[in-house]
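Open the model in your viewer and keep the selection tool at hand. The tour goes from one selection to the next.

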Amino acid sequence: MPHRMDRSNQILTAAFGQVLRDIRGQIGLTQEDLAERADASVRFVSLLENGKRQPSLSALAALSAGLGVTMSELVVAVEARLAADSPSAERRVPTSRAGQH
């Protein structure tokens with residue numbers, strides 16, 4: 001029986017939301033500013049920051065562009081937050097496996 005991926009990882013979703021809020025605050029944007037830059041709703045940005053929603057790849061790209069960072073920079077920041085919050089969290093998050101499909 002294949003292993004099923006946990007698609008509702010609350011730890012990961014919360015870490016993403018914290019990083020999104022932190023970066024947005026560091027560059028002096030309001031949720032409204034980021035929503036406009038990312039062509040998203042303020043409600044969606046709020047839900048992401050509060051760990052209530054997970055972004056799609058398209059949303060991740062738009063949010064990254066709105067923040068002026070690359071998608072990889074945003075993901076690395078999330079990984080760093082996970083590691084800082086719980087050293088064992090890194091083991092629960094899949095890592096990149098270049099060249100594997």
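Here, buried means under 20% relative accessible area, and exposed means over 50%. By that cut-off Q31 is buried, because its relative accessible area is 18%. Keep both limits in mind for the stops below. Note also that this is a predicted model.

**Stop 1: the whole chain**

Show the protein chain as a cartoon. Five helices and zero strands appear. Read from the N terminus, the order of elements is α-α-α-α-α. Now colour by accessibility. Of the 101 residues in the protein chain, 29% are buried. Switch on the surface next. The accessible area is about 7000 Å², and carbon and sulfur atoms account for 52% of that. For a contact map, take pairs at least 6 apart in sequence: 59% of these contacts link residues at least 24 apart.

**Stop 2: α1 against α5**

Select residues 10-26, helix α1, together with residues 71-85, helix α5. Their axes come within 9 Å and cross at roughly 120°. The crossing of α1 past α5 is right-handed. Which residues of α1 and α5 meet? Show side chains for I11, L12, A15, F16, Q18, V19, D22 and I23 on α1. On α5, add L74, A77, V78, R81, L82 and D85. Sorted by class, this contact holds ten nonpolar, one polar and three charged residues.

**Stop 3: α1 against α3**

Keep α1 and swap the partner for residues 42-49, helix α3. The two axes come within 7 Å, again with a crossing of roughly 120°. Why is α1 called oblique to α3? Angles of 65 to 115 degrees count as roughly perpendicular and those over 145 as roughly antiparallel, so a crossing of roughly 120° makes the pair oblique. From α1, pick T13, F16, G17, Q18, L20, R21 and R24. From α3, pick V45, L48 and E49. The class count here is four nonpolar, three polar and three charged residues.

**Stop 4: R24**

Centre on R24, in helix α1. Is R24 buried or exposed? R24 counts as buried, because its relative accessibility is 12%. Leave out neighbours within four places in sequence, and R24 is in contact with L29, T30, Q31, L34, E49 and L67. Two of these contacts, Q31 and L34, are the next selections.

**Stop 5: Q31**

Move to Q31, in helix α2. Its 18% relative accessible area puts Q31 among the buried residues. Beyond four places in sequence, Q31 touches R24, V42, V45, S46 and E49.

**Stop 6: L34**

Stay in helix α2 and select L34. How buried is L34? Its relative accessibility is 0%. Draw a distance between the C-alpha atoms of L34 and R24: the viewer should give 7.4 Å, for residues ten apart along the chain. Past four places in sequence, the residues L34 touches are L20, R24, V45, L63, G66 and L67.

**Stop 7: D39**

Finish in the loop between α2 (31-37) and α3, where D39 is found. Check its backbone. D39 has a positive phi of about 50°, although D39 is not a glycine. Where L34 is buried at 0% relative accessibility, D39 is exposed, with a relative accessible area of 75%.

Note on methods. Residues numbered from 1 in each chain as written. Predicted model: local features only at pLDDT ≥ 70, side-chain atom pairs only at ≥ 80, totals over all residues. Heavy atoms only, no water. Axes fitted to C-alpha atoms, helices over the stretch in contact; angles between N-to-C directions. Helix = DSSP H or I, 4+ residues; strand = E, 2+ residues; numbered from the N terminus. Left-handed = near helix turned anticlockwise from the far one by under 90°. Contact = heavy atoms within 4.5 Å. Nonpolar A, V, L, I, M, F, W, Y, C, P; charged D, E, K, R; others polar. Buried < 20%, exposed > 50% of the residue type's maximum accessible area, 1.4 Å probe, protein only. Areas by Shrake-Rupley, 256 points an atom, 1.4 Å probe, with all protein chains shown as cover. Parallel < 35°, antiparallel > 145°, perpendicular 65-115°, else oblique.
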